[in-house]
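Student: I would like to take a close look at one part of this model, namely its sheet and whatever packs around it. Could you walk me through that part in one connected account?

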Amino acid sequence: MDPTTDDAGNTGDAGTARASLEALRTEIAKAVVGQDPAVTGLVVALLCRGHVLLEGVPGVAKTLLVRALASALELDTKRVQFTPDLMPSDVTGSLVYDTRTAEFSFQPGPVFTNLLLADEINRTPPKTQSSLLEAMEERQVTVDGTPRPLPDPFLVAATQNPVEYEGTYPLPEAQLDRFLLKLTIPLPSRQDEIDVLTRHASGFNPRDLRAAGVRPVAGPADLEAARAAVAKTTVSPEITAYVVDICRATRESPSLTLGVSPRGATALLATSRAWAWLTGRDYVQPDDVKALALPTLRHRIQLRPEAEMEGVTADSVINAILAHVPVPR
């Protein structure tokens, strides 16, 4: 079969797809300093058709990261600022009466895009949060009984602030479980922060990514070819059992009230396959599982209150489990 080609001229065979996706880091680095793990996580989510929860204090370039990714992939992106008065129809769209035709027509909401940036998702009430559930899980929006498919690729990148709790509505476990990955965006190192300030002093404008030199280096055809290649990545029975043993260990941990569900185990297997392919292999090894365990599982477990008071974190529990569960040879 001949490789497909998108409008940007990107061929859709697996070899060029991997090279194009690897080039994303260099391209996004023109706008965002020092966030390679987050870039990789977003690419893994796109390959797995999953969604990402970005957690970090204000001002660490979460929004800029998503915009730069969309620009480098030549994908459509929209941003929704989640507020307490936001209505579900403000996200999904609604029926609007047209006086000229005397009929109702559907006006699509911002969810009809490739990359939806749901900014501060925990600032809106559960009713509006749940408006994203169907879109994230079924990749469609149903209005007045009519299902309307969303574009492909489709990714929700939701941000939340870990330090402000007043006026927020924590995401319920059912919705957290819909996110493939939870990526923590750390504060930059001293040198990275110097680089950020130097760029701004030189005239960098985060609202003008073209002027910053960010160009499309991959496209939908590359993503489709990459997804097909990831689906062919070999997973041995030993690796499958290793993933299951890690997830089952969370259900038996004395520090947790809620362990990882089978959906979480499926997610860990999927992200491990994507990471293995991105690193140039057609098979999954234990290190791939370990590399993706934290971002894939940290939001799927719930700590006991007494464990939290003792300073235990979700990451420390998962790391302890990884150190305890036997690694297949």
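Tutor: A good place to enter this predicted model is the pairing between strand β1, residues 52-55, and strand β8, residues 155-160, which run parallel to each other and are joined over four bridges. Within that pairing, Val52 has Ala157 of β8 as its bridge partner. Strands of a sheet pair through backbone hydrogen bonds, in either a parallel or an antiparallel sense.

Stepping back from this pair, one finds β1 and β8 within an open sheet of five strands, ordered β2-β5-β8-β1-β9, in which the pairing is parallel. The edges are formed by β2 (77-81) and β9 (181-184), each of which pairs on one side only, and from one strand to the next the twist averages 20°.

Helices then pack on this framework. Helix α2, which spans residues 36-47, packs on the sheet and touches β1, β5 (115-119), β8 and β9, with its direction making about 170° with that of β9. Helix α3, made of residues 62-73, lies across β1, β2, β5 and β8, and runs at about 175° to β5.

For a look at antiparallel pairing, one can turn to strand β6 (residues 140-143) and strand β7 (residues 146-149), which pair in that sense over four bridges. Here Val141 stands opposite Arg148 in β7, and the hairpin of β6 and β7 has two residues between its strands, with Asp144 taking a positive phi near 55°.

How values were computed. Residues numbered from 1 in each chain as written. Predicted model: local features only at pLDDT ≥ 70, side-chain atom pairs only at ≥ 80, totals over all residues. Heavy atoms only, no water. Pairing = 2+ DSSP bridges. Axes fitted to C-alpha atoms, helices over the stretch in contact; angles between N-to-C directions. Contact = heavy atoms within 4.5 Å.
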